[in-house]
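Thanks for coming. I will take a few minutes to go through one structure, starting with a single residue and then working outwards.

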Amino acid sequence: MKFFFIYKKIHERLEAKNIPCSLITGQEKIIRDNCGHISCTIETANLSEQYNVGVIDEIQMIGNEERGAAWTNALLGLQAETIHLCGEARALALVHKITEYTGDELEERRYQRYSKIFVESNPFQLKDLQEGDCIITFSTRNVHKMKNVRHPLSFNSNRVSMSTVTNYTTPVQ
């Protein structure tokens with residue numbers, strides 16, 4: 001679910017600026033003719049197409065037992081002049097090993113977060129949910145449970161984000 005919302009939002013932002021953008025996810029396909037931008041989930045990335053620039057988000061998922069192969073395939077198979085990798089620093093050691101093996105150049109850049117992430121000191125109550133809040137769960141099952149809860153802000157809109165963190169504590173090898 002996480003990647004659908006992320007890539008749908010990128011698609012919508014580009015389209016709002018009159019920049020044609022195709023969207024390809026497991027749930028949705030919007031193909032724009034002759035457009036220069038494609039927003040897709042890692043599993044739907046077209047590895048046989050030539051690109052000027054590719055962006056792989058959530059690169060730390062490369063170490064995930066269940067889905068990591070999709071990130072590995074994209075990193076090794078994406079045909080782009082430049083590939084930007086975004087994600088947690090814990091993936092760097094593995095990405096360094098891969099680029100040493102492939103002979104590719106790796107330039108590391110670190111950025112500061114614009115806003116702080118914090119854990120609420122009091123237990124969360126659904127009635128306190130406000131527009132712009134993000135709910136992070138630690139299982140896909142919990143995301144689906146939350147989507148079935150009736151709330152005025154609706155989890156199916158862009159007003160509330162839902163994400164799942166899978167194997168967060170699993171170190172990248």
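**One residue first, then the chain**

His11 has a relative accessibility of 4%, so it counts as buried, the cut-off being under 20%. Before I go on, please note that this is a predicted model. His11 is in helix H1.

What is His11 in contact with, leaving aside its neighbours within four places in sequence? There are Cys21, Ser22 and Leu23, then Ile30 and Arg32, and also Ser39. Some of these can be placed in the elements of the chain. Strand E1 covers 21–24, and strand E2 covers 29–30. Strand E3 covers 37–40. With those ranges in mind, Cys21, one of the contacts of His11, belongs to strand E1. Ile30, also in contact with His11, belongs to strand E2, and Ser39 belongs to strand E3.

Now to the chain as a whole. The protein chain has four helices and seven strands. Read from the N terminus, their order is α-β-β-β-β-α-β-α-β-α-β. The protein chain has 173 residues, and 31% of them count as buried; His11 is one of the buried residues.

How much of the contact count comes from residues 24 or more positions apart? Taking contacts in the protein chain with a separation of 6 or more, such residues account for 55%. As for the surface, the protein chain has an accessible area of about 12600 Å². Carbon and sulfur atoms make up 49% of that area.

Next, two loop residues. Asn18 sits in the loop that runs between helix H1, residues 2–16, and strand E1. The phi angle of Asn18 is near 60 degrees, which is a positive value in a residue that is not glycine. Is Asn18 buried or exposed? Its relative accessibility is 70%, and the cut-off for exposed is over 50%, so Asn18 counts as exposed.

The other one is Asn34, in the loop between strand E2 and strand E3. Asn34 also has a positive phi without being glycine, with a value near 50 degrees. Its relative accessible area is 83%, so Asn34 is exposed too.

The last topic is charge. Side chains of opposite charge can pair when their charged atoms come close. How many salt bridges does a search of the whole structure find? The number is five, and I will go through some of them.

Glu88 and Arg90 form a salt bridge through their side chains, with 2.4 Å from N to O. Where do these two residues stand on exposure? Glu88 has 26% relative accessibility and is partly exposed. Arg90, at 29%, is partly exposed as well.

Another salt bridge joins Arg109 to Glu107, and the closest N and O atoms are 2.7 Å apart. Here Arg109 is exposed at 57%, and Glu107 is exposed at 51%.

Then there is Glu108 with Arg110, a salt bridge whose closest N and O atoms are 2.8 Å apart. Glu108 is partly exposed, with a relative accessible area of 39%, whereas Arg110 is exposed at 61%.

To go back to where I started: His11 in helix H1 is buried, while Asn18, in the loop between helix H1 and strand E1, is exposed. That is the end of my part.

Key:
Residues are numbered from 1 along each chain as its sequence is written. This is a predicted model: local features need pLDDT of at least 70, side-chain atom pairs count only at pLDDT 80 or more; totals for chains, interfaces and linings use all residues. Side-chain values use heavy atoms; hydrogens and water are left out. Buried means under 20% relative accessible area, exposed over 50%, partly exposed in between (1.4 Å probe, protein chains only). Contact means heavy atoms within 4.5 Å. Accessible areas come from the Shrake-Rupley method with a 1.4 Å probe; for residues, only the protein chains shown count as cover. A salt bridge is a side-chain nitrogen of Lys or Arg within 4 Å of a carboxyl oxygen of Asp or Glu.
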